[in-house]
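Me: I'd like a close look at one part of this model, namely the aromatic side chains and what surrounds them. Could you walk me through it in one go?

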Amino acid sequence: MNLSLLLAAEQKSQDVTDWAARIGWVVGLLLVIALVYWLMREGWKWRGTLQGDLPELPQAPSDPGDPRFTMSGRYHGSTTAGQWLDRIVAHGLGTRSRVELTLTDQGVSVVRPGAQDFFIPAAELRGARLDKGIAGKVLAEGGLLVITWQLGEKLIDSGFRSDHAAEHPAWVDALTSLNHTDQSDQNNPSNQTEGAER
């Protein structure tokens, strides 16, 4: 009889929870997460300070011309050209966002809800290609439209992904064509003279 009472008592008893230790672990974990977040934010600011010599982003002209192509999708970031991990964060270029691209004869208008808009003048275009990664974002082969352009003294790669990836090759062709046309106009001053004389 006494044995069965002892067994029943042992079955009912449970280990006492050490709440102080649990709270300590939770607080410690939260502090580590906060520290990591703070270090990442400070690193972002430091990178922006190092890139402070970049000029302000060009803005679209009041009359950019008739659209040749438009595209809705995502802006995945910008890097130093040819260095897909060297992210540029100055002037909001490091902020990922939705994007609306419009290509005209004057250049590419980049409209980003919630982030700074900018314009890539045709004279500053240096090329376009399909790629699979930029600034820590990796996609399927050819899943990224990368536009190479000049900002001040710096050559930049900016990565975009259309909501319809099948549009990417047409954009590459159009940007390459616009780049060649603009360069040939700059390299042949007689075209401008003839235009002025007419």
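To start with, what is the relative accessible area of F69, and is this residue buried, partly exposed or exposed?

Reply: Sure, and keep in mind that this is a predicted model. F69 has a relative accessible area of 31%. Buried would need a value under 20% and exposed one over 50%, so F69 ends up as partly exposed.

Now for its ring. With ring centres required to lie within 6.5 Å, the model has four aromatic pairs. One of them joins F69 to W171, with 5.9 Å from centre to centre and 45° between the planes. That angle is neither under 30 degrees nor over 60, so the pair is called tilted. F69 belongs to strand β1 (residues 69-80) and W171 to helix α3 (residues 168-187), so this pair ties together parts of the chain that are 102 residues apart in sequence. The two partners sit in unlike surroundings: W171 is buried at 1% relative accessibility, whereas F69 is partly exposed.

Next comes F118 with W149. Their ring centres are 5.6 Å apart and the planes meet at 15°, so this pair is stacked. It also links distant parts of the chain, as F118 is in strand β5 (residues 118-121) and W149 in strand β9 (residues 144-151), 31 residues apart. Both F118 and W149 are buried.

You can widen the view from there, since F118 and W149 share one aromatic cluster with Y75 and F160. Y75 has a charged neighbour too: the charged end of R112 sits over the Y75 ring, 4.6 Å from its centre.

What about a buried acidic side chain? Take D157, in strand β10 (residues 154-162). Its relative accessible area is 3%, under the 20% cut-off, so D157 counts as buried. The side chain of D157 makes a polar contact with the side chain of T148, at 2.6 Å. Leaving aside residues up to four places away in sequence, D157 touches a list of residues including G77, S78, T79 and T80, as well as R129, I134, V146 and I147.

One last thing to check on the backbone is H91. Its phi is near 60°, a positive value in a residue other than glycine. H91 is found in the loop between β2 (87-88) and β3 (97-104), and at 22% relative accessibility it counts as partly exposed.

Conventions
Residues numbered from 1 in each chain as written. Predicted model: local features only at pLDDT ≥ 70, side-chain atom pairs only at ≥ 80, totals over all residues. Heavy atoms only, no water. Phe/Tyr/Trp six-rings, centres within 6.5 Å; stacked < 30°, edge-to-face > 60°. Helix = DSSP H or I, 4+ residues; strand = E, 2+ residues; numbered from the N terminus. Buried < 20%, exposed > 50% of the residue type's maximum accessible area, 1.4 Å probe, protein only. Lys NZ or Arg CZ within 6 Å of the ring centre and 35° of its normal. Polar contact = N/O pair within 3.5 Å; in protein donor to acceptor, adjacent residues only side chain to side chain. Contact = heavy atoms within 4.5 Å.
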